[in-house]
Amino acid sequence: MLASLVWLALCFLSSERLSVWAQVRVMSPESLVDSFKKRQGRIDGSTATFGAPFYGERLLGRLVWGESKNKSHPHCSGGDYEVPEPIPVKSSASAEKKVRLINIVMVRRGGCSFVTKVRTALSKGAHAVIVVDTEGSGRKPRDIRKIIVSDDGYGSNITIPSILISDKEGQRLIRAAKNFQVIIELAWDVPLNHVVIMDLWMSSASRESMRFLQEFAPKRKALNERLKFVPHYNIFALQSGVAGDQGNLCDESSDHFCAEDPDGPGPVTGRMVLDENLRQLCIHDLTKVKRTDIDAVGDTGNIEGTVEYAAKFWDYVEQLLLQCPLEGSGLSAFGSACSEALMHKVGINVDEVNECMQTTREEKLKREMKQKAWSTRALRINGWRYPGTVDADPVMRAICAAFRQQPPACTSLAEPVKPQSETEAESGGINTSSFIAALLVVAGVLVGIMFLYKRSLTRHIHS
């Protein structure tokens, strides 16, 4: 518990100021667009760290609002408010094809967690959620962008994006949604570059972190010449004299370098995790191979150096969760013996890695202590904080959206999000494909009738 509080305090003090801003653009009615004229109808907000933003997409949706019956806990339960069903509208591709215009549900902040509000809206058919800041808060858009809309620990199954906006801007949207059909566009703009830099914070004993690496490894391989991966590991310090009471959380020689104990009273200690974190840093440094000169691919802003790909590092982390699980036993348990066996298996020189761990231990651990993030599972793309679920598919969509010119591999690696679903027209109407099929059936029946009539007429003439 103490270790967690220390980590959270350090994260707060060193939280990343630059983040991928969520952007809401008002498209209609014109009177509402005019009220945001200074920003060309644009509203900036803070994206939740849970859910899946539509990176690389610009999506239109209808803004809907349901008045909350519970003023102290607004929009916290399904029975608290009602929102209209999504409506079908004509597609520009065909006058008869109908697509569902996505519902973007607005709710008020306060009374319960962000996750609870978004899950409730999701149950009502929301494709995205806009959370309006607490009434009367007075926070401006620049203040909102600094707020981390965090997961309460139960947001892993949330599949839609959510955005926090200011009270002042939200009130204008609420008033308009009560009287008009409001159409808005959602977008998440990632800083663009020819080469994408991906910084990932993790723990070698975190099942979530290792599972992500396992699923992300083949995608990383496909972009080995255009993606620069920089691993970081969660390390913290304890006050002098505290480490002895914390179950071997820290390095043997110093309580300035400690790691989280992943299994409480179990056999894996924070010191073992610290060693594995260091081991993975050494494996990455020793096995990375130069792939591309960053300067050779054009204008890259402040990014310098080369793109390097550590193939054996990815072979190692891809198998670590399976070969050396936390709940394993003997030589198959998380620890140095299992790690060394796995290094042998994937072709990593164990002696070189052990020497690296001894000679560069303090240097590497000090560097990790200085490079703090806002979360124990944080991701930064081109120097900007990534909001959303750290899962392989949404992360790859964000990475592909960050290329100034997308590599061909992104076509298969990052499938576009399609929240709209085709539906039939209201009042018994049918779509284009159904209409053509019906015409073919009718034509077939008519041909059959004509054939039978001809045969009958021929027989009659002969008789």
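Select L249 to begin: with a relative accessibility of 4%, this residue counts as buried. L249 lies in the loop that runs between β11 and α7. The model on display is a predicted one. Add M272 to the selection and draw the C-alpha to C-alpha distance, which is 8.3 Å, although L249 and M272 are 23 residues apart in sequence.

**The four-stranded sheet**

Next, display the strands β11, β10, β14 and β15. In that order they make up an open sheet of 4 strands, and the pairing is mixed. Which strands stand at the edges? They are β11 (227-233) and β15 (384-385); each has a single partner strand, so one side of each lacks a neighbour in the sheet.

Turn then to residues 196-202, strand β10, together with residues 379-381, strand β14. These two strands run antiparallel and are joined by 3 bridges. To see one bridge position, select M198, whose bridge partner in β14 is I381.

**Salt bridges**

As background for this part of the tour, side chains of opposite charge can pair when their charged atoms come close. The structure holds 21 salt bridges, and the following selections visit several.

Select R108 and D167. Their closest N and O atoms are 2.7 Å apart, and the two residues form a salt bridge. The pair links distant parts of the chain: R108 belongs to strand β6 (residues 102-108), D167 belongs to helix α5 (residues 167-179), and 59 residues separate them. Are these partners buried or exposed? R108 is buried, since its relative accessible area is 10%, under the 20% limit for that class. D167 also counts as buried, at 7% relative accessibility.

Move to helix α7 (residues 270-287) and select E276 and R279. Their side chains meet in a salt bridge with an N to O distance of 2.5 Å. Because E276 and R279 are 3 residues apart in this helix, about one helical turn separates them. E276 is buried at a relative accessible area of 1%, and R279 counts as buried at 4% relative accessibility.

The next pair to select is E368 and R367, whose side chains meet in a salt bridge at 3.7 Å, N to O. Here the two partners fall into separate classes: E368 is buried, with a relative accessible area of 1%, whereas R367 is partly exposed, with 31%. Now select R39, R42, D44 and R145, which are joined into one network by salt bridges that share partners.

**Surface patches**

Switch to a surface representation and select K38, K140, R142, K146 and K168. These residues gather in a surface patch of positive charge. Where is K146 placed? K146 sits in the loop between α4 (141-144) and β8 (162-165). K146 counts as exposed because its relative accessibility is 54%, the class being defined as over 50%.

Finally, select V445, L446 and I449. Together these residues form a nonpolar patch on the surface, with about 280 Å² of accessible area. V445 is located in helix α14 (residues 432-462). With a relative accessible area of 47%, V445 is partly exposed.

Definitions and conventions:
Residues numbered from 1 in each chain as written. Predicted model: local features only at pLDDT ≥ 70, side-chain atom pairs only at ≥ 80, totals over all residues. Heavy atoms only, no water. Patch = residues over 30% accessible without salt bridge, like charges linked within 9 Å, V, L, I, M, F, W, Y side chains within 5 Å. Areas by Shrake-Rupley, 256 points an atom, 1.4 Å probe, with all protein chains shown as cover. Salt bridge = Lys/Arg side-chain N within 4 Å of Asp/Glu carboxyl O. Lys, Arg positive; Asp, Glu negative; His and termini not counted. Charge placed at Lys NZ, Arg CZ, Asp CG, Glu CD. Buried < 20%, exposed > 50% of the residue type's maximum accessible area, 1.4 Å probe, protein only. Pairing = 2+ DSSP bridges.
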